[in-house]
Amino acid sequence: MSKTVLVTGATGYIAKHLVLQLLDAGYTVKGSARSLSREGELRDALGPRLSDPSALDRLSVVPLDLSSDDGWDKAMEGVDVVMHTASPFPLSQPRDENDLIRPAVDGALRAVKAARAAGVTRVIMTSSTAAVVTKDPAPGQTQFTENDWTDVTHPAATAYVKSKTMAEKAVWDWHASDAPDMQITMINPSFVQGAPLDDNFGTSIQVIERLLKGKDPLLPRFGFTCVDVRDIALMHIRAMERPESIGKRFIGADRYLWFQDFGLILKAQHPSRKIPTRLAPNALIRFLALFDPSIRTIVPTLGRKDVASGAQAEKILGISFRNVEDAIREAGAYLVERDLV
Ligand code: NDP
């Protein structure tokens with residue numbers, strides 16, 4: 001009998017790739033969605049891409065909300081492993097940071113506690129490099145590793161950064177104090193790129209959409225370590241399959257790219273489109289941020305180069321990170337081919 005994996009937030013951009021790889025690898029998947037009305041969307045996205053379309057018979061969908069206790073007991077029935085990916089990831093930061101922090105932290109604790117109550121001890125959780133890199137590096141430090149923890153009091157710690165850091169910490173703290181029997185692995189993706197499986201994509205692809213629409217004439221001087229979405233899905237599965245991963249965090253990272261590199265990659269691919277490639281002075285970005293909340297999010301990170309290392313995932317999970325520049329091109333091609341930009 002194949003293992004049954006509960007994937008929370010199965011309607012998400014990363015989770016759809018994860019469910020696809022799990023089904024292709026022979027696992028049975030329970031995917032959670034806030035609304036069961038999204039089940040058809042999930043099946044439509046996965047069906048045509050599965051190596052064996054009958055693998056869809058191994059997928060079921062259950063309703064779960066991070067902010068409600070309803071349904072968690074039932075969702076855990078028959079489950080061997082929980083992959084907790086659900087967490088809010090909006091493009092703009094909310095006025096009240098608790099709008100992100102509460103569902104992220106409470107939802108993560110709901111997921112692990114419900115798992116334990118049902119006797120499910122294996123959990124793989126999707127954290128983020130947001131929980132790693134938002135801190136001042138030590139003198140001489142050139143990259144961040146799994147030993148680093150974001151400082152939530154740092155000026156660059158947005159509501160999202162806090163939500164991911166506090167959710168991950170809450171789970172490790174609960175594990176240490178109340179549930180040492182739980183076998184937990186954290187996956188900490190950097191900025192994820194790659195073609196989505198359908199048009200209901202999240203913030204990762206909205207960033208590419210914004211560039212391809214030529215909405216901004218100039219680009220801010222900021223960037224991120226980036227990674228291919230297929231590698232992040234694979235990391236979750238390898239973590240489940242390799243007991244050496246238990247108790248560890250794993251950064252998913254190919255290379256660091258400035259936002260300007262995103263513009264240059266997309267412009268080279270779509271030369272006739274109006275795509276920004278020139279840098280904006282930091283002072284201009286700070287001024288524009290007064291009016292645009294999605295710009296405000298990046299002001300504290302202007303000029304910072306927070307490089308995160310994927311070496312531990314290469315070594316223990318056996319991941320050879322793909323060139324994320326291809327993933328950016330594939331995301332761009334998806335949006336252009338489907339006339340979405
Ligand atoms: P998406 O926005 O596409 O997916 C987020 C998922 O979380 C969706 O399924 C969403 O459900 C679900 N969710 C959000 N709020 C709630 C809630 N209150 N109750 C139940 N479900 C909820 O984002 P990604 O796929 O990009 O992100 C998936 C995970 O990966 C998140 O934990 C994110 O923090 C993490 N991550 C993402 C990175 C990236 O670059 N994309 C980088 C690092 C980490 P619904 O579809 O109903 O909105």
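The side chains of S127 and N188 are joined by a polar contact of 3.4 Å. The model that shows this pair is predicted. S127 sits in the loop between β5 (122–126) and α5. The points below cover that loop site, the ligand, the nonpolar cores and two further buried residues.

**S127 and its surroundings**

- S127 has a relative accessible area of 3%. Buried means under 20%, so S127 counts as buried.
- Setting aside neighbours within four places in sequence, S127 is in contact with K164, E168, M186, I187, N188 and P189.
- One of these partners, K164, is also listed among the closest residues to the ligand.
- S127 and T8 stand 119 residues apart in sequence. Their C-alpha atoms are 13 Å apart in space.

**The ligand and its shell**

- The ligand is surrounded by 25 residues. The closest are T11, T85, Y160, K164 and V192.
- Y160 places a polar side-chain atom 2.6 Å from an oxygen atom of the ligand.
- R34 also faces a ligand oxygen atom, with a polar side-chain atom at 2.9 Å.
- D65 pairs with a nitrogen atom of the ligand instead, and a polar side-chain atom of D65 lies 3.4 Å from that nitrogen.
- On its own, the ligand has 890 Å² of accessible area. The protein covers 90% of that area.
- Three elements give two or more residues to the shell: α1, α5 (159–177) and β7 (191–193).
- The shell is mixed in class, with 11 nonpolar, 10 polar and four charged residues.

**The nonpolar cores**

- The largest nonpolar core holds 71 residues. Within this core, V7, L22, L23, L46, M235, M240 and F262 touch the most other members.
- Helix α1 (residues 13–24) gives the most to this core, contributing eight residues. Helix α1 is also one of the elements that give two or more residues to the ligand shell.
- L46 touches K16, V19, L20, L23, L56, L59 and L197, with residues up to four places away in sequence left out.
- Another core lies apart from the largest one. That core has 31 residues, including V62, M76, M125 and A170.

**L219, a buried loop residue**

- Where is L219 placed? L219 lies in the loop between α6 (203–212) and β8 (223–228).
- Is L219 buried or exposed? The relative accessibility of L219 is 0%, so L219 counts as buried.
- L219 touches L211, F259, Q260, G263, P276, T277, R278, L279 and A280, not counting residues up to four places away in sequence.
- L219 and S32 are 187 residues apart in sequence. From C-alpha to C-alpha, the two are 37 Å apart in space.

**D231 in helix α7**

- D231 belongs to helix α7 (residues 229–241).
- The relative accessibility of D231 is 3%, so this charged residue counts as buried.
- What does the side chain of D231 reach? The side chain reaches the backbone nitrogen of R322 at 2.8 Å.
- Beyond residues up to four places away in sequence, D231 touches I319, S320, F321 and R322.
- R322 therefore appears both as a touching residue of buried D231 and as the owner of the backbone nitrogen that the D231 side chain reaches.

Notes: Residues are numbered from 1 along each chain as its sequence is written. This is a predicted model: local features need pLDDT of at least 70, side-chain atom pairs count only at pLDDT 80 or more; totals for chains, interfaces and linings use all residues. Side-chain values use heavy atoms; hydrogens and water are left out. A nonpolar core is a set of buried Ala, Val, Leu, Ile, Met, Phe, Trp, Tyr and Cys residues joined through side-chain atoms within 4.5 Å. Buried means under 20% relative accessible area, exposed over 50%, partly exposed in between (1.4 Å probe, protein chains only). Helices (H or I, at least four residues) and strands (E, at least two) are DSSP runs, numbered from the N terminus. Contact means heavy atoms within 4.5 Å. A residue is near a molecule or strand if one of its heavy atoms lies within 4 Å of it. A polar contact is a pair of N or O atoms within 3.5 Å; within protein, one must be able to donate a hydrogen and the other to accept it, and residues adjacent in sequence count only if both atoms are side-chain atoms. Accessible areas come from the Shrake-Rupley method with a 1.4 Å probe; for residues, only the protein chains shown count as cover.
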